[in-house]
Amino acid sequence: MMLSRDVFEDSTVVIRREDNISISRKGLMEQYQLGSAEPFSRAYLKELATVL
């Protein structure tokens, strides 16, 4: 679990709990589960590309 503090209102927060990923962005929450062979880094880099 992750504790976030002093996060801007429009910030993106990515949380990983085992194989479950939660992405909070602009007041919306997206959740999905990693595939058995899918690394977390792939999901994280995909979200980073969205921000940039």
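## Strands and the place of Arg 25

Strands are DSSP runs of at least two residues, numbered from the N terminus. In this predicted model, strand S2 covers residues 20-25 and includes Arg 25. With a relative accessible area of 27%, Arg 25 is partly exposed, because that class lies between the limits of 20% and 50%.

Setting aside residues up to four places away in sequence, Arg 25 touches Ser 11, Thr 12, Glu 30 and Glu 47. Arg 42 is 17 residues from Arg 25 in sequence, and the C-alpha atoms of these two residues are 18 Å apart in space.

## Glu 47 and its link to Arg 25

Glu 47 belongs to helix H1, a helix that spans residues 40-51. The relative accessibility of Glu 47 is 6%, so this residue counts as buried, the limit for that class being under 20%.

A polar contact of 2.3 Å joins the side chain of Glu 47 to the side chain of Arg 25. Glu 47 thus belongs to helix H1, while its partner Arg 25 belongs to strand S2. Beyond its neighbours within four places in sequence, Glu 47 is in contact with Thr 12, Val 14 and Ile 23 as well as Arg 25.

## The nonpolar core

The largest nonpolar core consists of 5 residues: Val 14, Ile 21, Ile 23, Leu 34 and Ala 43. Two of these core members, Val 14 and Ile 23, are also among the contacts of Glu 47.

Leu 34 has contacts with two other core members, Ile 21 and Ala 43. Leu 34 also touches Arg 16, Asp 19, Pro 39 and Phe 40, when residues up to four places away in sequence are not counted.

## Strand S1 and Val 13

Strand S1 runs over residues 12-17 and contains Val 13. Val 13 has a relative accessible area of 13% and is therefore buried. Between the C-alpha atoms of Val 13 and Tyr 32 the separation is 14 Å, and the two residues are 19 residues apart along the chain.

## The nonpolar surface patch

Tyr 44, Leu 45, Leu 48, Val 51 and Leu 52 form a nonpolar surface patch of about 550 Å². One of these residues, Leu 48, is found in helix H1. Leu 48 is partly exposed at 36% relative accessible area, and it can count towards a patch because patch residues need over 30%. Helix H1 therefore holds both the partly exposed Leu 48 and the buried Glu 47.

Terms used. Residues are numbered from 1 along each chain as its sequence is written. This is a predicted model: local features need pLDDT of at least 70, side-chain atom pairs count only at pLDDT 80 or more; totals for chains, interfaces and linings use all residues. Side-chain values use heavy atoms; hydrogens and water are left out. A nonpolar core is a set of buried Ala, Val, Leu, Ile, Met, Phe, Trp, Tyr and Cys residues joined through side-chain atoms within 4.5 Å. Buried means under 20% relative accessible area, exposed over 50%, partly exposed in between (1.4 Å probe, protein chains only). Contact means heavy atoms within 4.5 Å. Patches are made of residues with over 30% relative accessible area and no salt bridge: like charges are joined within 9 Å, nonpolar side chains (Val, Leu, Ile, Met, Phe, Trp, Tyr) within 5 Å. Accessible areas come from the Shrake-Rupley method with a 1.4 Å probe; for residues, only the protein chains shown count as cover. A salt bridge is a side-chain nitrogen of Lys or Arg within 4 Å of a carboxyl oxygen of Asp or Glu. Helices (H or I, at least four residues) and strands (E, at least two) are DSSP runs, numbered from the N terminus. A polar contact is a pair of N or O atoms within 3.5 Å; within protein, one must be able to donate a hydrogen and the other to accept it, and residues adjacent in sequence count only if both atoms are side-chain atoms.
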